[in-house]
Amino acid sequence: MAIDLTDAGIARRESIDHGTLAGLDELDTPNGAPRSTINAQRMWAQAWPRLAALVLALGLWQLVVLSGWRPEYVLPPPRAVAGALGELLGDATFYRALAVTMGRAITGFALALVIGGMIGCAVAQSTILRRAVGSLITGLQTMPSIAWFPLAILLFQLSEGAITFVVVLGAAPSIANGIIGGVDTVPPVVRDAAHVLGARGCTLLRSVILPAAMPSILAGLKQGWAFAWRSLVAGELLVILADRPSLGARLDFARQFSDAPGVLAMMTVFLAIGLIVDGAFNCLDRRVRRRRGLLGAR
């Protein structure tokens with residue numbers, strides 16, 4: 001049978017292929033529902049458990065307040081905290097403090113990413129380094145962030161350097177361990193195939209091993225961010241700079257003035273930022289896993 005290689009024949013064949021794919025897509029949608037409806041259903045399926053958990057938490061909170069376990073000036077109801085949060089979001093100085101805190105978080109995490117990435121890659125590739133400092137990295141990861149602050153204050157005084165120092169030490173070991181653990185999970189057959197194709201040294205690490213270990217590396221980055229965020233909040237509670245307003249400083253001021261709604265409102269802000277960043281990491285992780293065939297098309 002002759003194959004039509006003319007432009008008209010190629011265009012006709014492409015139109016047939018697109019029509020076939022469209023028909024297959026229709027088979028995947030129940031009752032021929034539009035794609036937008038299916039996406040909305042998927043979004044609702046992901047959102048309603050979170051909304052239900054939020055409603056349940058608020059309900060339990062209100063029940064504890066109604067029980068009289070603590071007076072309302074110590075444990076305010078959700079309505080009072082929502083009002084304080086609204087006032088907070090309407091205050092222009094809050095956004096300046098937010099910018100300072102997020103700038104510190106991004107700077108500290110970026111430095112931790114560079115340092116932890118270099119250490120992780122070096123240890124993962126060297127048996128001698130792994131034996132020498134492998135357990136030390138895990139030990140540093142388990143160190144409470146607050147334990148670093150006396151040394152940080154001695155080294156850098158009450159300054160931005162002290163906060164950055166603790167943030168980096170809180171995040172870098174987790175990032176390094178994520179890289180080491182990810183490299184260890186790469187199947188030997190991948191390494192062997194890369195060797196056959198001529199990949200060696202840095203080329204092997206950059207082009208083969210690290211991409212193959214990316215899901216585990218992302219898990220280490222996510223954990224590193226969690227440690228960095230906790231370290232930063234602790235640092236801002238201890239190191240308060242007059243010309244650098246921050247979210248941690250506002251939280252401490254609310255505590256000093258016995259402003260319980262303000263304290264809980266600031267804690268809500270910290271929680272919201274953590275959830276937003278965690279969601280971003282989860283989206284990136286799902287994309288990486290889907291590209292590697294580790295997730296179904298959901």
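## Exercises on a predicted model

Helix H3, which spans residues 78-89 and has 12 residues, reaches 16 Å from its first C-alpha to its last, close to the 16 Å expected at 1.5 Å a residue. The structure used throughout is a predicted model.

**Exercise 1.** Determine which residues of H3 are buried and where they lie around the axis.

*Solution.* Begin with accessibility: Pro78, Val81, Ala84 and Leu88 are buried in H3. Turn next to their directions, which cover an arc of only 120 degrees around the axis, so these residues are on the same side of H3. The spacing fits a general rule, because an α-helix has 3.6 residues a turn and residues three or four places apart therefore point the same way. Finally, look at the other side of H3, where Arg79 and Glu87 are exposed.

**Exercise 2.** Classify the pair formed by the rings of phenylalanine 109 and tryptophan 225, and state whether each residue is buried or exposed.

*Solution.* A search of the whole structure gives seven aromatic pairs. For phenylalanine 109 and tryptophan 225, the ring centres are 5.9 Å apart and the planes stand at 80 degrees; because angles over 60 count as edge-to-face, the pair is edge-to-face. The pair links distant parts of the chain, since phenylalanine 109 belongs to helix H4 (residues 92-125) and tryptophan 225 to helix H10 (residues 214-238), 116 residues apart. With buried meaning under 20% relative accessible area, phenylalanine 109 counts as buried at 15%, and tryptophan 225 counts as buried at 10%.

**Exercise 3.** Identify the cluster into which ring pairs link Phe109 and Trp225.

*Solution.* Following the ring pairs from these two residues gives a cluster of Phe109, Trp225, Trp229, Phe270 and Phe281.

Terms used
Residues are numbered from 1 along each chain as its sequence is written. This is a predicted model: local features need pLDDT of at least 70, side-chain atom pairs count only at pLDDT 80 or more; totals for chains, interfaces and linings use all residues. Side-chain values use heavy atoms; hydrogens and water are left out. Helices (H or I, at least four residues) and strands (E, at least two) are DSSP runs, numbered from the N terminus. The expected span of a helix is 1.5 Å times one less than its number of residues. Buried means under 20% relative accessible area, exposed over 50%, partly exposed in between (1.4 Å probe, protein chains only). The arc is that of the directions from the helix axis to the C-beta atoms. Rings of Phe, Tyr and Trp (its six-membered ring) pair if their centres lie within 6.5 Å; planes under 30 degrees apart count as stacked, over 60 as edge-to-face and the rest as tilted.
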